[in-house]
Amino acid sequence: MAGDITYVDVAMLPRERPHAPSQTSVPGNVITYAELRMKPKHKGNSRSETSASGCQHRCSAWFYVALVLGVLVLVLIGIIAVLAEQPTTCELCPPGWQLHRGRCYYFSEKAVNWDDSQRNCLARKSQLLVIEDENEMEFIDHKERGIKYIWIELKVQNVKKQQSSAEDPGAEENRIAMKRIEDDKNCAVYRRKNIIQTDNCHTLKKWICKRNATLLVL
(Lines give C-alpha, C1' and ligand atoms only; values in the text may rest on other atoms or scores of the structure.)
Protein backbone atom coordinates (compact mmCIF):
# COMPACT_ATOMS: atom_id res chain seq x y z
CA MET A 1 0.00 0.00 0.00
CA ALA A 2 1.26 3.52 -0.79
CA GLY A 3 2.93 5.18 2.12
CA ASP A 4 3.75 1.88 3.96
CA ILE A 5 7.31 1.25 5.05
CA THR A 6 8.84 -2.21 4.88
CA TYR A 7 11.81 -3.02 7.05
CA VAL A 8 14.50 -5.43 5.77
CA ASP A 9 17.16 -7.30 7.71
CA VAL A 10 20.24 -8.02 5.62
CA ALA A 11 22.56 -10.77 6.75
CA MET A 12 25.79 -11.26 4.91
CA LEU A 13 26.83 -14.91 4.71
CA PRO A 14 30.19 -15.64 3.07
CA ARG A 15 30.28 -18.89 1.15
CA GLU A 16 33.07 -20.42 -0.80
CA ARG A 17 32.65 -21.96 -4.15
CA PRO A 18 33.78 -25.59 -4.54
CA HIS A 19 37.52 -26.05 -4.71
CA ALA A 20 38.96 -26.00 -8.16
CA PRO A 21 41.02 -28.97 -9.26
CA SER A 22 44.01 -26.79 -8.75
CA GLN A 23 45.43 -26.76 -5.27
CA THR A 24 45.96 -23.01 -5.62
CA SER A 25 43.23 -20.90 -4.04
CA VAL A 26 42.36 -17.67 -5.80
CA PRO A 27 40.94 -14.94 -3.55
CA GLY A 28 38.84 -13.55 -6.33
CA ASN A 29 36.85 -16.74 -6.54
CA VAL A 30 35.16 -16.13 -3.17
CA ILE A 31 31.42 -15.28 -3.59
CA THR A 32 29.40 -13.58 -0.86
CA TYR A 33 25.68 -14.30 -0.60
CA ALA A 34 23.14 -11.99 0.99
CA GLU A 35 20.07 -13.26 2.78
CA LEU A 36 17.06 -10.92 2.90
CA ARG A 37 14.38 -11.23 5.55
CA MET A 38 11.25 -9.13 4.98
CA LYS A 39 9.44 -7.75 8.08
CA PRO A 40 5.96 -6.32 7.47
CA LYS A 41 5.23 -3.00 9.08
CA HIS A 42 2.73 -3.13 11.93
CA LYS A 43 -0.35 -1.08 11.04
CA GLY A 44 -1.02 -0.31 14.65
CA ASN A 45 1.78 2.24 14.73
CA SER A 46 0.17 4.48 12.05
CA ARG A 47 -3.17 4.30 13.80
CA SER A 48 -1.55 5.30 17.06
CA GLU A 49 0.05 8.26 15.38
CA THR A 50 -3.26 9.25 13.79
CA SER A 51 -5.09 8.89 17.11
CA ALA A 52 -2.49 10.99 18.85
CA SER A 53 -2.83 13.71 16.22
CA GLY A 54 -6.66 13.69 16.50
CA CYS A 55 -6.45 13.85 20.28
CA GLN A 56 -4.24 16.92 20.04
CA HIS A 57 -6.78 18.67 17.80
CA ARG A 58 -9.68 17.82 20.12
CA CYS A 59 -7.76 18.90 23.21
CA SER A 60 -6.90 22.18 21.52
CA ALA A 61 -10.57 22.81 20.62
CA TRP A 62 -11.71 22.11 24.20
CA PHE A 63 -9.05 24.45 25.50
CA TYR A 64 -10.46 27.37 23.48
CA VAL A 65 -14.01 26.51 24.53
CA ALA A 66 -12.98 26.51 28.19
CA LEU A 67 -11.15 29.81 27.66
CA VAL A 68 -14.24 31.49 26.16
CA LEU A 69 -16.47 30.18 28.95
CA GLY A 70 -14.04 31.46 31.53
CA VAL A 71 -14.11 34.95 30.01
CA LEU A 72 -17.91 34.95 29.96
CA VAL A 73 -18.04 33.93 33.61
CA LEU A 74 -15.70 36.78 34.54
CA VAL A 75 -17.85 39.28 32.62
CA LEU A 76 -20.99 37.98 34.34
CA ILE A 77 -19.38 38.28 37.75
CA GLY A 78 -18.40 41.87 36.94
CA ILE A 79 -21.98 42.76 35.93
CA ILE A 80 -23.37 41.21 39.12
CA ALA A 81 -20.85 43.14 41.20
CA VAL A 82 -21.88 46.43 39.58
CA LEU A 83 -25.58 45.73 40.04
CA ALA A 84 -25.02 44.73 43.64
CA GLU A 85 -23.70 48.19 44.40
CA GLN A 86 -26.96 49.81 43.20
CA PRO A 87 -30.16 49.13 45.19
CA THR A 88 -32.99 47.51 43.25
CA THR A 89 -36.62 48.29 44.05
CA CYS A 90 -39.60 46.06 43.34
CA GLU A 91 -43.24 47.17 43.32
CA LEU A 92 -45.54 44.70 45.04
CA CYS A 93 -49.34 44.42 45.21
CA PRO A 94 -51.53 42.22 47.42
CA PRO A 95 -52.80 38.96 45.89
CA GLY A 96 -55.67 39.58 43.48
CA TRP A 97 -54.61 43.18 42.73
CA GLN A 98 -53.29 44.54 39.42
CA LEU A 99 -50.08 46.61 39.26
CA HIS A 100 -49.90 49.65 36.99
CA ARG A 101 -47.34 52.47 37.18
CA GLY A 102 -46.72 52.18 40.90
CA ARG A 103 -50.41 51.76 41.81
CA CYS A 104 -52.39 48.67 42.80
CA TYR A 105 -55.96 48.18 41.55
CA TYR A 106 -58.65 45.85 42.83
CA PHE A 107 -61.49 45.15 40.39
CA SER A 108 -64.71 44.07 42.10
CA GLU A 109 -66.64 41.02 40.95
CA LYS A 110 -70.07 42.08 42.19
CA ALA A 111 -72.15 45.27 42.02
CA VAL A 112 -73.08 47.32 45.09
CA ASN A 113 -74.18 50.88 45.80
CA TRP A 114 -71.69 53.72 46.18
CA ASP A 115 -71.53 53.65 50.00
CA ASP A 116 -70.89 49.91 50.09
CA SER A 117 -68.20 50.21 47.46
CA GLN A 118 -66.46 52.85 49.54
CA ARG A 119 -66.66 50.69 52.67
CA ASN A 120 -65.20 47.74 50.75
CA CYS A 121 -62.20 49.78 49.68
CA LEU A 122 -61.62 51.15 53.18
CA ALA A 123 -61.67 47.59 54.52
CA ARG A 124 -58.93 46.75 52.01
CA LYS A 125 -56.84 49.71 53.23
CA SER A 126 -57.42 51.59 50.00
CA GLN A 127 -59.87 54.05 48.47
CA LEU A 128 -62.26 54.18 45.56
CA LEU A 129 -60.65 54.90 42.23
CA VAL A 130 -59.38 58.43 41.70
CA ILE A 131 -58.45 58.91 38.05
CA GLU A 132 -55.21 60.84 37.59
CA ASP A 133 -54.58 60.96 33.83
CA GLU A 134 -55.54 59.57 30.44
CA ASN A 135 -53.03 56.74 30.72
CA GLU A 136 -54.89 55.47 33.75
CA MET A 137 -58.21 55.76 31.89
CA GLU A 138 -56.82 53.61 29.07
CA PHE A 139 -55.69 51.04 31.63
CA ILE A 140 -59.18 50.91 33.16
CA ASP A 141 -60.83 50.64 29.73
CA HIS A 142 -58.58 47.74 28.81
CA LYS A 143 -59.28 45.86 32.04
CA GLU A 144 -63.04 46.47 32.20
CA ARG A 145 -64.08 46.10 28.58
CA GLY A 146 -67.49 44.66 29.36
CA ILE A 147 -68.39 47.17 32.11
CA LYS A 148 -70.11 50.43 31.22
CA TYR A 149 -70.22 52.25 34.58
CA ILE A 150 -67.85 52.02 37.57
CA TRP A 151 -68.08 53.79 40.92
CA ILE A 152 -65.22 56.21 41.56
CA GLU A 153 -64.18 58.38 44.51
CA LEU A 154 -66.22 61.49 43.86
CA LYS A 155 -69.40 62.70 45.50
CA VAL A 156 -71.03 65.91 44.37
CA GLN A 157 -72.37 68.07 47.15
CA ASN A 158 -75.32 70.39 46.64
CA VAL A 159 -74.00 73.86 47.33
CA LYS A 160 -76.94 75.78 46.00
CA LYS A 161 -78.24 78.31 48.44
CA GLN A 162 -81.80 78.14 49.55
CA GLN A 163 -83.82 80.92 48.09
CA SER A 164 -86.09 83.03 50.23
CA SER A 165 -89.52 81.58 50.99
CA ALA A 166 -90.90 84.91 49.94
CA GLU A 167 -90.49 83.86 46.31
CA ASP A 168 -93.19 82.30 44.21
CA PRO A 169 -94.51 79.18 46.03
CA GLY A 170 -94.68 77.24 42.78
CA ALA A 171 -91.05 77.90 42.03
CA GLU A 172 -90.13 76.84 45.55
CA GLU A 173 -91.86 73.49 45.10
CA ASN A 174 -90.01 72.93 41.84
CA ARG A 175 -86.68 73.65 43.49
CA ILE A 176 -87.43 71.18 46.29
CA ALA A 177 -88.26 68.44 43.78
CA MET A 178 -85.10 69.12 41.80
CA LYS A 179 -83.02 69.07 44.97
CA ARG A 180 -84.33 65.62 45.90
CA ILE A 181 -83.39 64.32 42.47
CA GLU A 182 -79.90 65.83 42.71
CA ASP A 183 -79.38 64.44 46.22
CA ASP A 184 -80.10 60.94 44.89
CA LYS A 185 -77.86 61.47 41.89
CA ASN A 186 -74.68 62.97 43.27
CA CYS A 187 -72.26 60.02 43.14
CA ALA A 188 -69.70 59.85 40.34
CA VAL A 189 -69.24 56.98 37.93
CA TYR A 190 -66.58 56.44 35.31
CA ARG A 191 -67.97 55.70 31.91
CA ARG A 192 -65.94 54.18 29.14
CA LYS A 193 -64.12 56.43 26.67
CA ASN A 194 -62.91 58.92 29.27
CA ILE A 195 -66.30 60.11 30.49
CA ILE A 196 -67.12 60.88 34.13
CA GLN A 197 -70.69 61.62 35.14
CA THR A 198 -72.98 61.51 38.16
CA ASP A 199 -75.48 58.79 38.92
CA ASN A 200 -77.89 57.67 41.61
CA CYS A 201 -75.86 56.61 44.65
CA HIS A 202 -78.26 53.75 45.42
CA THR A 203 -77.88 51.97 42.11
CA LEU A 204 -75.74 48.84 41.98
CA LYS A 205 -72.49 49.05 40.10
CA LYS A 206 -69.04 47.53 40.19
CA TRP A 207 -66.18 49.48 41.68
CA ILE A 208 -62.39 49.73 41.66
CA CYS A 209 -60.17 50.17 44.71
CA LYS A 210 -56.80 51.86 44.40
CA ARG A 211 -53.71 52.08 46.59
CA ASN A 212 -49.98 52.71 46.28
CA ALA A 213 -47.76 49.75 45.53
CA THR A 214 -45.41 48.54 48.26
CA LEU A 215 -41.77 49.23 47.43
CA LEU A 216 -39.31 46.47 48.27
CA VAL A 217 -35.63 47.50 48.23
CA LEU A 218 -33.22 44.68 47.40
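Two strands are taken to pair when DSSP finds at least two bridges between them, and strand β6, residues 127-128, meets that condition with β10, to which it is joined by 2 bridges in an antiparallel arrangement. Within this pairing, Gln127 stands opposite Lys210 of β10. The model described here is a predicted one, and its chain is made up of 4 helices and 11 strands.

Strand β10 also pairs with β5, again antiparallel, and here 5 bridges join the two strands. In this second pairing Tyr105 is the residue that stands opposite Lys210, so that Lys210 of β10 faces Tyr105 as well as Gln127, by the rule that pairing rests on DSSP bridges.

From these strands one can move to the interior. In soluble globular proteins, nonpolar side chains tend to be buried together. In the present chain of 218 residues, 19% count as buried, and the largest nonpolar core holds 14 residues, with Trp114, Trp151, Trp207 and Cys209 having the most contacts inside it. The elements that contribute two or more residues to this core are β5 (103-107), α2 (114-123), β8 (187-191) and β10 (206-212). A second, separate core of 13 residues includes Tyr105, Leu129, Ile140 and Ile150.

Trp207, one of the residues with the most contacts inside the largest core, can be followed outward through its neighbours. Leaving aside residues up to four places away in sequence, Trp207 touches Tyr106, Phe107, Ser108, Lys110, Val112, Ser117, Asn120, Cys121, Leu128, Ile150 and Trp151. Ile150, which is included in the second core, is thus also named among the residues that Trp207 touches, given that contact means heavy atoms within 4.5 Å.

The aromatic residues offer another route through the model, with a count of 4 aromatic pairs. The rings of Trp97 and Tyr106 have centres 5.6 Å apart and planes at 45 degrees, and the pair is therefore tilted; both of these residues are buried. Tyr105 and Phe139 make a further tilted pair, at 5.0 Å centre to centre and with 50 degrees between the planes. Because Tyr105 lies in strand β5 and Phe139 in helix α3 (residues 134-143), this pair ties together parts that are 34 residues apart in sequence. Tyr105 is buried, with a relative accessible area of 1%, and Phe139 is likewise buried, at 11%. Together with Phe107, Tyr105 and Phe139 form one aromatic cluster.

The loop between β9 (195-199) and β10 contains Thr203, a residue that is partly exposed, with a relative accessible area of 26%. Its C-alpha atom is separated by 5.3 Å from that of Asn113, although the two residues are 90 apart along the chain. Not counting residues up to four places away in sequence, Thr203 touches Val112, Asn113, Trp114 and Trp151, of which Trp114 and Trp151 are among the residues with the most contacts inside the largest core. The side chain of Thr203 also reaches the backbone oxygen of Asn200 at 2.7 Å, and a polar contact of 2.5 Å joins it to the side chain of Lys205.

For the chain as a whole, among contacts between residues at least 6 apart in sequence, 71% join residues at least 24 apart. The accessible surface of the chain comes to about 16900 Å², and 57% of that area belongs to carbon and sulfur atoms.

Methods. Residues numbered from 1 in each chain as written. Predicted model: local features only at pLDDT ≥ 70, side-chain atom pairs only at ≥ 80, totals over all residues. Heavy atoms only, no water. Core = buried A, V, L, I, M, F, W, Y, C linked by side-chain atoms within 4.5 Å. Buried < 20%, exposed > 50% of the residue type's maximum accessible area, 1.4 Å probe, protein only. Areas by Shrake-Rupley, 256 points an atom, 1.4 Å probe, with all protein chains shown as cover. Polar contact = N/O pair within 3.5 Å; in protein donor to acceptor, adjacent residues only side chain to side chain. Phe/Tyr/Trp six-rings, centres within 6.5 Å; stacked < 30°, edge-to-face > 60°.
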